[in-house]
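Grab the model and work through these exercises at your own pace. Try each task on the structure before you read the solution under it.

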Amino acid sequence: MAPGSGGSGTGGREEAAPDGASGRDSPSRDAAAGTSDSEDCLVIMARATIYVGCTVPQLLRGAQSRIFPSDSALGVLRRSAFCYCTGSSTIKSKRKMDHLERTANNFRQEVITQAKVCGITNESETVKRLRLAIANKDFTFKAGQWVDFFIPGVSVVGGFSICSSPSLLKREGILELAVKYTVHPPAHWIHTECTLDSEVALRVGADLHGYQEGKGNRHKLGTVKLYYSAKTTSELLFKKNILGLMKAFPGKITCCFHVTQQRSQICEELQPHVTEGRISEKDLEKHVSNDTSWYICGPPPMIESISKLLANIGVPRNCVFFEKWW
């Protein structure tokens, strides 16, 4: 399962997995297990696989003017986009860096593909879900990857995490982004100027730690447990989708929502699934087993915090996977 302050977050990376409205230069989120109050986070678990991650795509910052090609074709992948996580894979946030600078050494496809806005909805008070039609039939991406986001007339290149699945693209030619409002030019444009039929261009990128291309995960999917944290229930993006999956796959998919600054009453539908407070070691240690994998998605402080927490409770490093956005 997989969901910008001028740099990362829901609105883009300016930080897959579920709320992932995530992005690089993403919006701040309430962090799990000891990360800052401004960081939201998500932890997903499965019987043979456990996922820990943020639910909001993060925004990436960048500056560069572009001429959009009239014809697009995907470039050949130059190298594997995936590698196993090691103890030395420390992530440090560089939020002041430009998106293109920050991701200069990350994998990205060579060709830029055109897209047209075919849907805009409010996922929350601060997050818009952008639905993009992709005409190029050769355009592909892997779950957890992001896009460089080129806007005609805007010199700054955005970086947004993809919040839809590769299967939706294959079936309908549609890709979705969740973008948090910020003053960063790409996110600001999406919230204030973007309309239906607006044309943009995309380029896929991202290094995913934990998978080797062509080999996949050694585990078979069993049951999935998702831990998802935000300040309030209004900031729990895609919660209706998640509840729908829980109903469609009872006993197979479960979710525990965490809120850290909830002031209003929680709606009846969510109450059975909401816990006040951050995701803790106690929440996760009961799921440690030899056939469990852990997936982390979120801002660097959250990834660092959860990685250390998992090490403390005895989870092997080669069972922990995360998205490297910055």
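**Exercise 1. Count the disulfides, then check how covered C163 and C267 are.**

Solution. Start with the rule: a disulfide needs two cysteine sulfur atoms within 2.5 Å. Apply that to this predicted model and the count comes to zero. Next, sort the two cysteines by accessibility, where buried means under 20% and exposed means over 50%. C163 has a relative accessible area of 12%, so it is buried. C267 has 39% relative accessibility and therefore counts as partly exposed.

**Exercise 2. Work out how far to trust the coordinates, using pLDDT.**

Solution. Begin with the whole protein: the mean pLDDT is 74, and 65% of the residues reach 70 or more. Then look at the extremes. Strand 7 has the highest confidence, at 97, while strand 6 (residues 82-83) has the lowest, at a mean of 30. Now go through two stretches with pLDDT below 50. Residues 1-39 form one of them, and in the model that stretch has 318 contacts beyond near neighbours in sequence. Residues 212-217 are also below 50, with 13 such contacts.

**Exercise 3. Find the largest nonpolar core and say which elements feed it.**

Solution. First, a bit of background: nonpolar side chains in soluble globular proteins tend to be buried together. Here, the largest nonpolar core holds 25 residues. The residues with the most contacts inside that core are L130, L132, F149, L175, L177, W189 and L202. Next, trace the suppliers: strands 7, 8, 9, 10, 11 and 12, along with helix 3 (185-192), each give at least two residues. Zoom in on L202 and leave out its neighbours within four places in sequence. Its contacts include V111, L132, I134, F149 and L175. Finally, look for a second core: there's another one lying apart, with 20 residues, including L237, M246, I253 and F257.

**Exercise 4. Follow the pairing around strand 8 (127-134).**

Solution. Take strand 7 (113-122) first. A hairpin of four linking residues joins strand 7 to strand 8. The two strands run antiparallel and are joined by seven bridges, and one pair to look up is N122 with K128. Now turn to strand 11 (174-180). Strand 8 pairs with strand 11 over seven bridges, again in the antiparallel sense, and R131 has E176 as its bridge partner there. Last step: six of the eight residues of strand 8 are buried, so the strand is largely enclosed by the rest of the structure.

**Exercise 5. Which residues of helix 4 are buried, and what covers them?**

Solution. Scan residues 239-248 and you'll find I242, L243 and M246 buried. Now check their directions around the axis: they span an arc of only 100°, so they sit on the same side of helix 4. Flip to the face turned away from that buried side, and you meet the exposed residues K240, K247 and A248. For the cover, look at strand 14 (224-230) and strand 15 (253-259), which are among the elements over the buried residues. Those two strands pair in the parallel sense over seven bridges, with A230 matched to V259 in strand 15. Strand 15 is itself mostly covered, with six of its seven residues buried.

**Exercise 6. Place T233 and list what surrounds it.**

Solution. T233 is in the loop between strand 14 and helix 4. Its relative accessible area is 12%, so T233 is buried. Leaving aside neighbours within four places in sequence, T233 contacts K239, V259, Q262, I266, L270 and V274. To see the chain come back, check H258: it's 25 residues away from T233 along the chain, yet their C-alpha atoms are separated by 8.4 Å.

**Exercise 7. Compare the backbone and the accessibility of D197 and F238.**

Solution. Recall that most residues other than glycine have a negative phi. D197 goes the other way, with phi near 80°, and F238 also has a positive phi, of about 65°. Then locate them: D197 is in the loop between helix 3 and strand 12, and F238 is in the loop between strand 14 and helix 4. Accessibility comes last. D197 counts as exposed because its value is 54%, whereas F238, at 7%, counts as buried.

Technical notes. Residues are numbered from 1 along each chain as its sequence is written. Side-chain values use heavy atoms; hydrogens and water are left out. A nonpolar core is a set of buried Ala, Val, Leu, Ile, Met, Phe, Trp, Tyr and Cys residues joined through side-chain atoms within 4.5 Å. Buried means under 20% relative accessible area, exposed over 50%, partly exposed in between (1.4 Å probe, protein chains only). Contact means heavy atoms within 4.5 Å. The arc is that of the directions from the helix axis to the C-beta atoms. pLDDT is the predictor's confidence in each residue, from 0 to 100. Two strands pair if DSSP finds at least two bridges between them.
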